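Work through the exercises below with the sequence and the model at hand. Each task is followed by a solution in steps.

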Amino acid sequence: MNLPADDATLAEALESANLPALLPAIVQLTGDASLLQRFPAPSPGMMGAVDGNFSPEDQAAIRALAFEVLKTYRDGDANLPPLPSKEQLHEMMNWCAGEALPPEYVPLAIEEAALEEPDPRRFEWEQRPDPAVLRDFHVVIIGAGFGGVCAAVRLEQAGIAYTICEKNDSVGGTWYENSYPDLRVDVPNHFYSYSFEPNPDWSNYFSRRDELEAYIGACARKHGILERVRLGTEVVEATYDEPSAQWRVRIRGEDGSEEVLTANAVISAVGMLNRPQFPSIDGVDSFEGPCFHSSRWQHDVEFEGKRVGVIGTGASAMQFVPRLAENVSKLTVFQRAAHWATFNASYRATISDEFKWLLRHVPYYHGWYRFLLFWAGSDRVFPVFRIDPDWEHPDRSIGMANDMFRTAAITYIKAQLANDPELIDKCIPDYPPLGKRPLLDNGWYKTLTRDNVELVTDGIREVTPDAVITADGTKHPLDVLVLATGFHAGKFLWPMQIIGRGGVVLQDRWEGGENPRAYLGITMPDFPNLFCMYGPNTNPVVGSVIFMLECQTNYIMGCLRALIENGHRSLECREGVHDEYNERLDAEMEKMVWRHPNVRSYYNNSAGRVITNVPWTMYAYWNMTRTPDLAEFHVR
Ligand SMILES: Cc1cc2nc3c(=O)[nH]c(=O)nc-3n(C[C@H](O)[C@H](O)[C@H](O)COP(=O)(O)OP(=O)(O)OC[C@H]3O[C@@H](n4cnc5c(N)ncnc54)[C@H](O)[C@@H]3O)c2cc1C
């Protein structure tokens, strides 16, 4: 039996199916593309919708068709039909998405959603490498979050030796370090996961941090990576030795002892949101009660009945404030800038066992579901981030779609705040939607209407041993203070000291770390065989960071393949290539919402240049990182 289900179980499971994903899976299972003609396409952009806006009759008909096909599959032999042609796949994608995709998306979607084979991005050698060269090649990866583990998976496949240095006591990065209440991912999990490790068992569409941490750990274990991780090991310095074309990587253990590792290549996977930013407010160190950063949550602190202050209202506060408010006697939230937060019906929803069953057992279904999330949640919405130069209300928004988003968000905020004019005034941002990371409402607005919650928008003058004093002189007495003040997002490869060819210090090259630039966010002139993941200008504000990390891994592995197969010692990005890329990037950035004059965020450096975000579509970045062009490097 190819499917472990009797008729009743199968029928019940199909009741929960995402129909826009189910029909293409059935088409692929039967090889019969004409099935698509029987039904109208679903509405476009319906990433969370199970029914795809089909009429009740069409819903029933799709389920009945799937039931018959799956019964036959269950009871027959396991031979699947040949893979559809690229043209057929394109047609299926268009139907699934409810709109025509540009044809160049077909190979990308096949890869990202693993529609044809389980791991199309698997590393393969093009020529058999010289065993002696391969044996002597060693890579140091810095960091064991999603990025470092991704790179390690591919190095394992290539048989290239590597060591991961991880400063924490465990793998997981963001999802290990942060443990504040109600932390969950805000990108749908079946997309925010490795393309090569589908997980049909996510409990939620947006799962909690424990599951993400466990997922990274399980992936690392499955691929044999854990044995290669040196935990409690911080990289403090890396110096390029030109005569040997090797990096000397200085590491420090938790006991302060130091050691130097030698590597032919270094992959920095240190993350963008890893080093907590503490506010420089007068007196903050004098606070006598518990006081901690949200990324260093102190789980032994008793909140019940306490007066608690939270400084900051970004993505972390949005998640934990509603939970915190339930127990404390008084919660005072200090806001510097309001954020746009919208409603998503699936945000806190759990996934039914039936839905998980379909993802696990129905061939191709997981892939089509991922495709749907990928398309609807990335490049499809990219135009909303672009400034329309002819838009007539540039004071409040950047174009028609952005303005419609704004109107809908304001209507939502007003309803949530029970039309309280003072709160509404404080909660509607003065910058266009999407100017900062768009947030999903975790009950934030409703929480602000509670009797025990106060939203303070006056600037903070100082912190005293038992209070926060705002600019107007008001004293806000507190027992506990939580600093939800974000991370040093703009400080890349920091606080490490990276010294390249000719003694060039990376932070100096980047103007005291203020102006980081890299080609594709990955590689820099004068730093041969050093590769960054989640480096400068690679933060996707729509889409998934993991998508970007996989693109970067692919590119880096292409570079390592070229080095090893050809017996080269080093690859160093040409200055002209690097500079031209960054000029193009800066020009493109001018067209993005983050350049709106009202947006002040961690995306910009002190000169106003956007240094964190990527201005390209996912497709464009994928295309640029598919295969390294050796002509863009000094090859030695
Ligand atoms: C609270 C929070 C919530 C988030 N939520 C989302 C979300 O919902 N959706 C989304 O797309 N993204 C989210 N992000 C962004 C998230 O960081 C990325 O999605 C992703 O996890 C990045 O993986 P990474 O491996 O690049 O970096 P990280 O996960 O930050 O891992 C970097 C690793 O490098 C290690 N490291 C750093 N410096 C050194 C050193 N010198 N030596 C040794 N080890 C070092 C760190 O200890 C860490 O383990 C969130 C980030 C935070 C902080």
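**Exercise 1: the nonpolar core**

In the largest nonpolar core, which has 204 residues, Trp368 and Leu560 touch the most other members. A nonpolar core here is a set of buried Ala, Val, Leu, Ile, Met, Phe, Trp, Tyr and Cys residues joined through side-chain atoms within 4.5 Å. The model is predicted: local features need pLDDT of at least 70, side-chain atom pairs count only at pLDDT 80 or more, and totals for chains, interfaces and linings use all residues. Residues are numbered from 1 along each chain as its sequence is written, and side-chain values use heavy atoms, with hydrogens and water left out.

Task: Find which helix gives the largest share of this core, and list what Trp368 touches beyond four places in sequence.

Solution.
- Step 1. Helix 17 (residues 545-566) supplies the largest share, 13 residues. Helices (H or I, at least four residues) and strands (E, at least two) are DSSP runs, numbered from the N terminus.
- Step 2. A second, separate core has 11 residues, among them Ile281, Phe287, Ile311 and Val468.
- Step 3. Leaving out residues up to four places away in sequence, Trp368 touches Ala21, Pro24, Ala25, Gln28, Leu89, Met92, Met93, Cys96 and Leu115. Contact means heavy atoms within 4.5 Å.

**Exercise 2: the two sides of helix 1**

Task: Determine which residues of helix 1 (residues 7-15) are buried and what covers them.

Solution.
- Step 1. Leu10, Ala13 and Leu14 are the buried residues of helix 1. The classes are buried (under 20% relative accessible area), exposed (over 50%) and partly exposed (in between), with a 1.4 Å probe and protein chains only.
- Step 2. These residues lie on the same side of helix 1 because they cover an arc of only 100° around the axis. The arc is that of the directions from the helix axis to the C-beta atoms.
- Step 3. An α-helix has 3.6 residues a turn, so residues three or four places apart point the same way.
- Step 4. Ala8 and Glu15, on the other side of helix 1, are exposed.
- Step 5. The cover over the buried residues includes helix 2 (19-30), helix 3 (56-75) and helix 11 (353-361).

**Exercise 3: helix 4 and its partners**

Task: Describe how helix 4 (residues 86-97) packs with helix 2, and how helix 4 packs with helix 5 (residues 105-112).

Solution.
- Step 1. Helix 2 and helix 4 pack at about 160°, and their axes are 9 Å apart. Axes are lines fitted to C-alpha atoms, for helices over the stretch in contact, and angles run from 0 to 180 degrees between N-to-C directions.
- Step 2. Helix 2 and helix 4 are therefore roughly antiparallel. Angles under 35 degrees count as roughly parallel, over 145 as roughly antiparallel, 65 to 115 as roughly perpendicular and the rest as oblique.
- Step 3. Helix 2 contributes Leu19, Pro20, Ala21, Leu23, Pro24, Val27 and Gln28 to the contact, and helix 4 contributes Leu89, Met92, Trp95 and Cys96.
- Step 4. Within helix 2, Gln28 is buried at a relative accessible area of 2%. Apart from neighbours within four places in sequence, Gln28 contacts Pro81, Leu83, Pro84, Leu89, Met92, Leu115, Tyr364 and Trp368.
- Step 5. For helix 4 and helix 5 the angle is about 80° and the axes are 10 Å apart, so the two are roughly perpendicular.
- Step 6. Lys86, Leu89, His90 and Met93 of helix 4 meet Val106, Ala109 and Ile110 of helix 5.

**Exercise 4: backbone exceptions**

Task: Locate the cis peptide bond at Pro495 and place Asp182 and Asn537, both with a positive phi.

Solution.
- Step 1. Most residues other than glycine have a negative phi, and most peptide bonds are trans.
- Step 2. The bond from Trp494 to Pro495 is cis, with omega near 10°. Pro495 sits in the loop between strand 17 (480-483) and strand 18 (497-499).
- Step 3. Asp182 has a phi of about 65°. It is in the loop between helix 8 (174-177) and helix 9 (209-222), and is buried at 6% relative accessible area.
- Step 4. Asn537 has a phi of about 55°. Its loop runs between strand 19 (530-532) and helix 17, and Asn537 is buried at 2% relative accessibility.
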